[in-house]
Amino acid sequence: MLTYIVRRLLYSIPVLFVSSFLIFTFVSTTTDPLEAVKMQPNVNRAAIALVQKENHLNEPVVARYGYWVRDAFTNDFGKSILGERPILPELMRRLSVTLQLIIAAQVLSLLIAVAIGVYSALRQYSAFDYLTTTLSFLGLAVPVFWLGLILQIIFTNIFLKWHVRIFYTGGLDSVNPGHGFHFLLDRVQHLVLPVVTLTIISIASFSRFMRDSMLEVVNADYVRTARAKGLTERRVIVRHALRNALIPVVTLATLSFGSLFGGTVITETIYALPGMGRYFIDALNGGETYEIMAWLMITAAMVVLFNLIGDVLLGVLDPKIRLE
């Protein structure tokens, strides 16, 4: 297992370098971070020339990429071109927001989806099975932005009509969130709606995978053998069937976990959350090549990490899987 992990990490290094160079080339040749400044009247051309020189904007792309790699390893990704803001501290702050959102959504969706999938498989063609199947298809068909806007409208109307603040419809914290329990309560009230938005979409896909996977193993030979030994039905399901049925769900969950770091743009934009998605949009609109590259590398590292975690969990769930 250790050899496999080291090999996967070594394989990811050239992938990250190639992808980073391609993205850097595309962004550098299609955006100009100083475009908005150049269009302003009475702009100081000498100041623009100084910024271009300090950030090597007039040099070839290969040279600029080399400077960026140096800053990435020795200077915490350097500073933004406009404003000279340190990149890594702001990116880490945004990452913490996205992690809160994604971890809560994924854990909640997995718990609910596994329970729904298992019960649907054990009660195949029942009213519950038909109902959850219909709701799953609806969940897969509902656009994220539409669901987010509907939830905002509902809870905004509740507040305006009854003056009861159940959940906030935007932002991460109130002006004066307080301390201790009050801070925690305020943060939960801000995150519930975006978490629910992501959870509904995830439950729809996870529950279908769980149901289909459970149906494949519930009547397998080793499950029938366990029943023939006199084991209780609960022990048969939990100890023998569920463990193997979780394998495709774990694969899907880890893959989606990593991809969500780059896929929360819509949700964070709708709810005005200062996370990774909003950071990318702001950097892209401003043509901030170095901020975009820092976002790319953090996101790519997260994808590699959670793919690796998924492979390790598969080996734990199924000892027959040999990762040589």
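Is isoleucine 13 buried, partly exposed or exposed, and what is its relative accessible area? Keep that in mind as we walk through this structure, which is a predicted model. With a relative accessible area of 42%, isoleucine 13 counts as partly exposed, because that class covers values between the 20% limit for buried and the 50% limit for exposed.

Let us stay with this residue for a moment. Isoleucine 13 sits in helix H1, and it belongs to a nonpolar patch on the surface. Its partners in the patch are Leu2, Val6, Leu10, Phe17 and Phe73. Together, the patch residues have about 640 Å² of accessible area. Helix H1, which covers residues 2-30, provides the largest share of this patch, namely five residues.

Now let us turn to the pockets. The largest pocket has a volume of about 290 Å³. Its lining is made up of 13 residues, and those nearest the centre are Leu16, Ala72, Phe73, Phe77 and Met297. You have met Phe73 already, as a member of the nonpolar patch. Which helices supply at least two residues each to this lining? They are H1, helix H4 (61-74) and helix H13 (289-317). Of the contributors, H4 gives the most, with five residues. In character, the lining has 12 nonpolar residues, one polar residue and no charged residues.

The second largest pocket holds about 230 Å³ of space. It is lined by 15 residues, and Glu54, Asn55, Asp71, Lys79 and Tyr290 are the closest to its centre. Here too H4 gives the most to the lining, with five residues. By class, this second lining has four nonpolar, five polar and six charged residues. Put that beside the largest pocket, whose lining has no charged residues.

Charged residues bring us to salt bridges. How many does a search of the whole structure find? The search finds nine salt bridges, and we can look at some of them one by one.

Start with arginine 93 and glutamate 90, whose closest N and O atoms are 2.8 Å apart. Both residues lie in helix H5 (residues 87-122), three residues apart, which is about one turn of the helix. Arginine 93 is partly exposed at 40% relative accessibility, and glutamate 90 is partly exposed as well, at 26%. This pair also has company: Glu90, Arg93 and Arg94 are linked in a network of salt bridges.

Next comes the salt bridge between arginine 211 and aspartate 129, where the closest N and O atoms are 2.8 Å apart. Arginine 211 is in helix H8 (residues 181-218) while aspartate 129 is in helix H6 (residues 127-141), so this pair ties together parts that are 82 residues apart in sequence. Are these two residues buried or exposed? Arginine 211 is buried, with a relative accessible area of 9%, and aspartate 129 is buried too, at 1%.

Our last stop is the salt bridge in which the side chains of arginine 224 and aspartate 221 meet, at 2.3 Å from N to O. These residues are separated by about one helical turn because they are three residues apart in helix H9 (residues 221-228). Arginine 224 is partly exposed, with a relative accessible area of 44%, whereas aspartate 221 is exposed, with 54%.

Key
Residues are numbered from 1 along each chain as its sequence is written. This is a predicted model: local features need pLDDT of at least 70, side-chain atom pairs count only at pLDDT 80 or more; totals for chains, interfaces and linings use all residues. Side-chain values use heavy atoms; hydrogens and water are left out. Patches are made of residues with over 30% relative accessible area and no salt bridge: like charges are joined within 9 Å, nonpolar side chains (Val, Leu, Ile, Met, Phe, Trp, Tyr) within 5 Å. Accessible areas come from the Shrake-Rupley method with a 1.4 Å probe; for residues, only the protein chains shown count as cover. A salt bridge is a side-chain nitrogen of Lys or Arg within 4 Å of a carboxyl oxygen of Asp or Glu. Helices (H or I, at least four residues) and strands (E, at least two) are DSSP runs, numbered from the N terminus. Buried means under 20% relative accessible area, exposed over 50%, partly exposed in between (1.4 Å probe, protein chains only). On a 1 Å grid over the protein atoms alone, a cavity is a set of points where a 1.4 Å probe fits but cannot get out, and a pocket is an open set with protein on both sides within 12 Å along at least five of seven lines; lining residues have an atom within 4 Å of a point. Grid points are joined across faces, edges and corners, and a volume is the space filled by probe spheres set on the points. Ala, Val, Leu, Ile, Met, Phe, Trp, Tyr, Cys and Pro count as nonpolar, Asp, Glu, Lys and Arg as charged, and the others, Gly among them, as polar.
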